[in-house]
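Let's take a walk through this fold together, going from the whole chain down to single side chains. Keep the viewer open as you read.

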Amino acid sequence: MKRSVLSATLGLGLAAVLVTLPATAVAAPVTAAPAAPAAPSARTHAAQTHAARTHTVQTRAGSAYAGAAEEAADNLAFFQAVMASARARHAADPWLQTVTVTYDTTNAPSFTGDIANAVQIWNSSVHNVQLQETSGTGDFSYTEGDGSGSYASTDGHGHGYVFIDHQQAQEYYSLRIVAHETGHVLGLPDDYSGPCSELMSGHGPGPSCTNAHPDVNESAQVDALWANGVAAAN
């Protein structure tokens, strides 16, 4: 999203990738199990690297995001990393029907309330995957800071993270930002042309939009991606 880059928060451009591919293709098998998570310093570096990118977005709703393709690749890599971790657990428990994706909030103390609410929203909206906080290292993490906008990405070490930008969270509804980025963790693409009632429309409807709930179609898409545990990814 970014104040000028809401596309990075309310939307990495997974749309460019996911909208053109079937759900099973999006969740293509990852051949290797996720590597050990990077240390917090590595995550911070990753966030700074992302923030240093020169992609720009016009501040008005409807403007095109120049870095959509790269953001789409980041989103896809993030989802695949989370799915790979879920697949490893599924291998240990083949009868698993509902996948639990774990996360930690150690590096996002200012947004713990929004994160908890976003998780509750998603857990009540879908059935085949559930989010659960962990006191240790999760499948992905939330982190905060001052950057070029909020976004979801991988840190290059088999671990995903959601970065929440302070300035952007002051301009746009912070719970919508967190819920939207969490939608990317679960495999959803952006759809900036959509209405406010569509969570993944991100910055499209403008700062006045405060809807933080996925619509029926978005919930169904997530359940399809995570159907029967990780069967959709095999």
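Two residues are in contact here if they have heavy atoms within 4.5 Å of each other. With that in hand, look at the chain as a whole, keeping in mind that this is a predicted model. Among contacts between residues at least 6 apart in sequence, 70% join residues at least 24 apart. Of the 234 residues in the chain, 54% count as buried.

The chain holds nine helices and five strands. Starting at the N terminus, the elements follow the order α-α-α-α-α-β-α-β-β-β-β-α-α-α. A good place to zoom in is the stretch made of strand 1, helix 6 and strand 2, which together form a right-handed β-α-β unit. Strand 1 and strand 2 run parallel and are joined by five bridges. If you would like a pair to find in the viewer, Val99 has Val129 in strand 2 as its bridge partner.

Now for the helix in that unit. How does the span of helix 6 agree with its 14 residues? At 1.5 Å a residue, helix 6 (residues 112–125) should span 20 Å, and its end C-alpha atoms are indeed 20 Å apart, so the two values agree. The buried residues of helix 6 are Asp114, Ile115, Ala118, Val119, Ile121, Trp122 and Ser125. These residues cover an arc of only 160° around the axis, so they sit on the same side of helix 6. The spacing has a simple background: an α-helix has 3.6 residues a turn, so residues three or four places apart point the same way. On the other side of helix 6, Gln120 and Ser124 are exposed.

What covers the buried residues of helix 6? The cover includes strand 1 (99–107), strand 2 (129–133) and strand 3 (140–145), along with helix 8 (174–185) and helix 9 (216–225). Ala118, which lies in helix 6, makes a handy example. Ala118 has a relative accessible area of 0%, so it counts as buried. Leaving out residues up to four places away in sequence, Ala118 touches Leu175, Val178 and Ala179. Ala118 and His180 are 62 residues apart in sequence, yet their C-alpha atoms are 8.6 Å apart in space.

Let's turn to the aromatic rings. Ring centres within 6.5 Å count as a pair, and by this rule the count comes to seven aromatic pairs. One of them is formed by Tyr151 and Tyr161, which meet edge-to-face, with 5.9 Å centre to centre and 75° between the planes. Tyr151 lies in strand 4 and Tyr161 in strand 5 (residues 160–165), so this pair ties together parts that are ten residues apart in sequence. Are these two tyrosines buried or exposed? Tyr151 is buried, with a relative accessible area of 0%, and Tyr161 is buried as well, at 1%. Elsewhere, Phe78, Tyr103, Phe140 and Tyr142 form one aromatic cluster.

Our last stop is Ser153, in strand 4 (residues 151–154). Its relative accessible area is 4%, so Ser153 is buried. Which residues does Ser153 touch, not counting those up to four places away in sequence? They are Asp74, Phe78, His159, Gly160 and Tyr161. Two of these names have come up before: Phe78 belongs to the aromatic cluster, and Tyr161 is part of the edge-to-face pair.

Conventions
Residues are numbered from 1 along each chain as its sequence is written. This is a predicted model: local features need pLDDT of at least 70, side-chain atom pairs count only at pLDDT 80 or more; totals for chains, interfaces and linings use all residues. Side-chain values use heavy atoms; hydrogens and water are left out. Helices (H or I, at least four residues) and strands (E, at least two) are DSSP runs, numbered from the N terminus. Buried means under 20% relative accessible area, exposed over 50%, partly exposed in between (1.4 Å probe, protein chains only). The expected span of a helix is 1.5 Å times one less than its number of residues. The arc is that of the directions from the helix axis to the C-beta atoms. Rings of Phe, Tyr and Trp (its six-membered ring) pair if their centres lie within 6.5 Å; planes under 30 degrees apart count as stacked, over 60 as edge-to-face and the rest as tilted. Two strands pair if DSSP finds at least two bridges between them. A crossover is right-handed if, with the strands pointing away from the viewer, the path from the first strand over the helix to the second runs clockwise.
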